[in-house]
Amino acid sequence: MNELKRWIKGLVLALLLALGGAYGWITWTGNFHPVYDHQVYRSAQLSDNQLREKIEQYGIRSVLNLRGRKPDERWYRDEMAVGRELNVAHADYKLSARKELSVKQMAELVTLMRKLPKPLLVHCQGGADRSGLASALYLYAVQQDSAEKAADQLSVRFGHVPYLFWADVEAMDKSFRKFVQARTRGAAVESGAPPALGR
């Protein structure tokens with residue numbers, strides 16, 4: 001029994017170390033990743049120096065902030081200053097990783113991403129949940145990728161872990177499924193086919 005307890009403690013410790021290492025790596029790199037063909041990138045909240053570096057390295061022409069307009073916050077003022085300095089367009093669209101979006105909100109977000117100058121950088125605080133949903137929506141609605149391929153943007157490799165009881169970010173997964181179902185039903189209605197059944 002004591003051996004089993006030691007084994008379980010060792011496993012838990014190894015898991016915590018792995019999660020801590022992954023979180024450290026994501027934080028250190030800014031969780032920056034390409035989404036689509038040098039046109040759309042995603043990240044966590046970057047420092048002013050990190051943002052400047054990414055804009056110059058990737059030719060980014062617009063930044064979409066999913067944290068909302070926060071002029072009293074230093075990160076927001078720094079982001080705006082870098083944008084002005086480098087002549088980069090900026091847009092704010094406030095989301096919560098813990099609240100499901102309506103289909104209308106997601107359609108607005110897709111329209112905004114479609115219109116912003118490319119290359120576009122989409123970011124939230126950690127670059128895992130809200131950025132994951134926006135990236136999935138872009139791939140599915142704009143680039144016409146399959147729902148399965150687009151949903152990969154909401155995965156552990158980007159730090160999106162909806163099944164941890166304290167995370168409570170499954171709202172992003174549910175929102176994406178809702179958007180896909182709505183588009184599938186809409187396409188079926190337009191083609192005269194019977195509507196797809198939701199889960």
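This passage looks at the overall make-up of a predicted model and then at the surroundings of helix 2.

The protein is built from seven helices and five strands, and from the N terminus on these elements follow the order α-β-β-α-β-α-β-α-β-α-α-α. Of its 199 residues, 41% count as buried. The accessible surface amounts to about 11,700 Å², with 55% of this area belonging to carbon and sulfur atoms. Contacts across the sequence tell a further part of the story: among those between residues at least 6 apart, 70% join residues at least 24 apart.

Helix 2 makes a good place to zoom in. Leu51, Lys54 and Ile55 of this helix are buried; because they cover an arc of only 100° around the axis, they lie on the same side of helix 2. Asn49 and Glu56, on the other side of helix 2, are exposed. The cover over the buried residues of helix 2 includes strand 3 (62–65), helix 3 and strand 5 (120–123). Just after helix 2 comes glycine 59, which has a positive phi, near 65°.

One of these neighbours, helix 3, deserves its own description. Helix 2 (residues 48–58) packs against helix 3 (residues 74–86) at an angle of about 30°, and the two axes are 9 Å apart. Their crossing is right-handed. Helix 2 brings Asp48, Leu51, Arg52, Ile55 and Glu56 to the contact, while helix 3 supplies Asp78, Glu79, Val82, Glu85 and Leu86. Sorted by class, this contact holds six charged and four nonpolar residues, with no polar ones. Leu51 and Ile55 thus appear in the contact with helix 3 as well as in the buried set of helix 2.

Notes. Residues numbered from 1 in each chain as written. Predicted model: local features only at pLDDT ≥ 70, side-chain atom pairs only at ≥ 80, totals over all residues. Heavy atoms only, no water. Axes fitted to C-alpha atoms, helices over the stretch in contact; angles between N-to-C directions. Helix = DSSP H or I, 4+ residues; strand = E, 2+ residues; numbered from the N terminus. Left-handed = near helix turned anticlockwise from the far one by under 90°. Contact = heavy atoms within 4.5 Å. Nonpolar A, V, L, I, M, F, W, Y, C, P; charged D, E, K, R; others polar. Buried < 20%, exposed > 50% of the residue type's maximum accessible area, 1.4 Å probe, protein only. Areas by Shrake-Rupley, 256 points an atom, 1.4 Å probe, with all protein chains shown as cover. Arc of directions from axis to C-beta.
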